[in-house]
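Trainee: I would like a close look at a single part of this model, namely how its domains are placed and what lies between and within them. Please take it slowly and keep the pieces connected.

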Amino acid sequence: MPDTQSPALIVTGAGGHLGRQVVDFLLAAQAGPIVATTRNPDKLADLAARGVTVRQADFDDPATLPAAFAGGGRLLLISTDELAQPGKRLAQHRAAVAAAAAAGVSHVVYTSVVAAHPTPQSSLSDDHFWTEQALAASPMGWTFLRNNLYADLLLHALPHAVATGTLFTATGSGRRSYVTRQDCARAAAAALRSAEGRRIYDITGPAAPSQDEIAAIAAEISGKPVAHVALPPEALRPGLAAAGIPPFMVDVLIDFDIETARGYSAIVTPAVEELTGRAPTPVAEFLKQNRAALLGSH
Ligand SMILES: NC(=O)c1ccc[n+]([C@@H]2O[C@H](COP(=O)([O-])OP(=O)(O)OC[C@H]3O[C@@H](n4cnc5c(N)ncnc54)[C@H](OP(=O)(O)O)[C@@H]3O)[C@@H](O)[C@H]2O)c1
């Protein structure tokens with residue numbers, strides 16, 4: 001049983017894909033007590049039945065946060081998916097950081113992005129950079145988990161490439177150290193339990209394949225020919241829009257490709273293994289495990 005004298009382990013955004021997996025890892029390790037916060041507590045009734053304290057928290061409504069973080073402890077701040085409205089996500093994260101400090105939280109683990117940096121306009125990277133700065137300026141300890149792109153996202157792009165024989169990107173010959181969401185969750189659970197001080201980890205897979213190599217892996221696993229074609233960013237845009245991807249998400253995907261082309265996504269670190277004791281899953285292994293999705297047959 002979890003030690004009730006231990007500080008609470010608070011997971012924000014526990015209704016999301018990553019948050020749920022983190023809570024599962026904490027439960028499996030009998031860590032805790034665990035507090036799961038979410039906009040919709042009804043959706044976490046199954047976790048409440050397993051002994052997790054579920055509280056309502058909406059970063060758009062800072063009045064919900066004092067009760068959500070009451071009693072303090074250690075907190076995993078999961079970055080939100082609010083990318084459609086410039087500036088909104090950063091405001092959400094700043095509200096969460098202020099409320100965590102006010103509640104007496106001792107340490108915040110934050111899910112950031114590799115090579116987080118400020119940009120002239122609001123952007124995904126800019127949000128992460130300034131959230132990191134807000135934590136750095138706070139009295140709390142912090143751990144930044146700079147997650148690279150989830151390998152899971154390949155299951156959106158590759159089925160079309162396998163079906164048509166062509167993988168279009170704007171990454172040029174850039175490399176990207178994809179990491180599975182599950183490895184990110186395992187690393188976040190470990191950091192929430194025990195990370196101390198003030199430290200940045202780049203959370204990456206074990207290698208950084210180019211998109212030529214990703215296409216070759218997809219071809220080998222699917223048994224169908226797949227070739228990578230590197231386009232200039234503006235030539236990629238119409239195809240993404242035609243696939244029904246909303247304009248703000250097209251911008252995010254193009255930005256990721258441009259950053260990869262510049263080399264920002266290529267870092268490979270031992271952080272996942274350092275934090276979890278397990279080597280991260282290679283992309284090829286992940287795609288083999290998800291062959292049905294790769295073939296678009298699920
Ligand atoms: N590295 C990558 O490739 C990658 C890919 C996609 C996303 N991300 C980032 O990593 C995060 C977690 O990934 P995921 O796969 O779990 O994404 P997801 O399933 O889309 O989850 C979205 C998350 O945002 C939270 N959220 C949204 N609005 C919120 C609000 N107003 N207040 C508090 N929380 C709010 C949700 O919490 P509740 O629903 O529980 O309230 C949930 O945890 C994403 O939100 C995004 O910032 C990274």
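Trainee: How many Å separate the centres of domain 1 and domain 2, taken over C-alpha atoms?

Mentor: In this predicted model, the centres of domain 1 and domain 2, taken over C-alpha atoms, are separated by 27 Å. The domain assignment places domain 1 at residues 9-147, while domain 2 is assembled from the segments 148-180, 204-267 and 277-298. Where the two domains are in contact, seven residues come from domain 1 and nine residues from domain 2.

The setting for this pair is a chain with 13 helices and nine strands, whose C-alpha atoms fill a box of roughly 55 × 40 × 35 Å along the principal axes. The radius of gyration is 19 Å, which agrees with the value near 19 Å that a compact globule of 298 residues would have. Of those 298 residues, 42% count as buried, and of the contacts between residues at least 6 apart in sequence, 77% join residues at least 24 apart.

The largest nonpolar core has 70 residues, and the members that touch the most other members are Val22, Ala36, Leu76, Ala187, Ala188 and Ala218. Helix α7, residues 181-194, gives the most to this core, with eight residues, and the core also draws at least three residues from each of domain 1 and domain 2. As general background, nonpolar side chains in soluble globular proteins tend to be buried together. Taking Ala36 as one of these core members, and leaving aside residues up to four places away in sequence, its contacts are Val11, Ala14, Val23, Leu44, Leu47, Val52 and Val54.

Turning to a pair of helices, α9 (residues 233-242) and α10 (residues 247-261) pack with their axes 10 Å apart and at an angle of about 145°, in a crossing that is right-handed. On the α9 side the meeting residues are Pro233, Leu236, Arg237, Leu240 and Ala241, and on the α10 side they are Val250, Leu253, Ile254, Asp257 and Ile258.

The loop between β9 (227-230) and α9 holds Pro232, which is exposed because 11 other C-beta atoms lie within 10 Å of its own, and a residue with 12 or fewer counts as exposed. The C-alpha atom of Pro232 is 46 Å from that of Ser106, a residue 126 residues apart from Pro232 along the chain.

How values were computed
Residues numbered from 1 in each chain as written. Predicted model: local features only at pLDDT ≥ 70, side-chain atom pairs only at ≥ 80, totals over all residues. Helix = DSSP H or I, 4+ residues; strand = E, 2+ residues; numbered from the N terminus. Rg over C-alpha atoms; globule rule 2.2 N^0.38 Å. Buried ≥ 20, exposed ≤ 12 C-beta atoms within 10 Å, placed from the backbone. Core = buried A, V, L, I, M, F, W, Y, C linked by C-beta atoms within 7 Å. Domains from an automatic or database assignment. Axes fitted to C-alpha atoms, helices over the stretch in contact; angles between N-to-C directions. Left-handed = near helix turned anticlockwise from the far one by under 90°.
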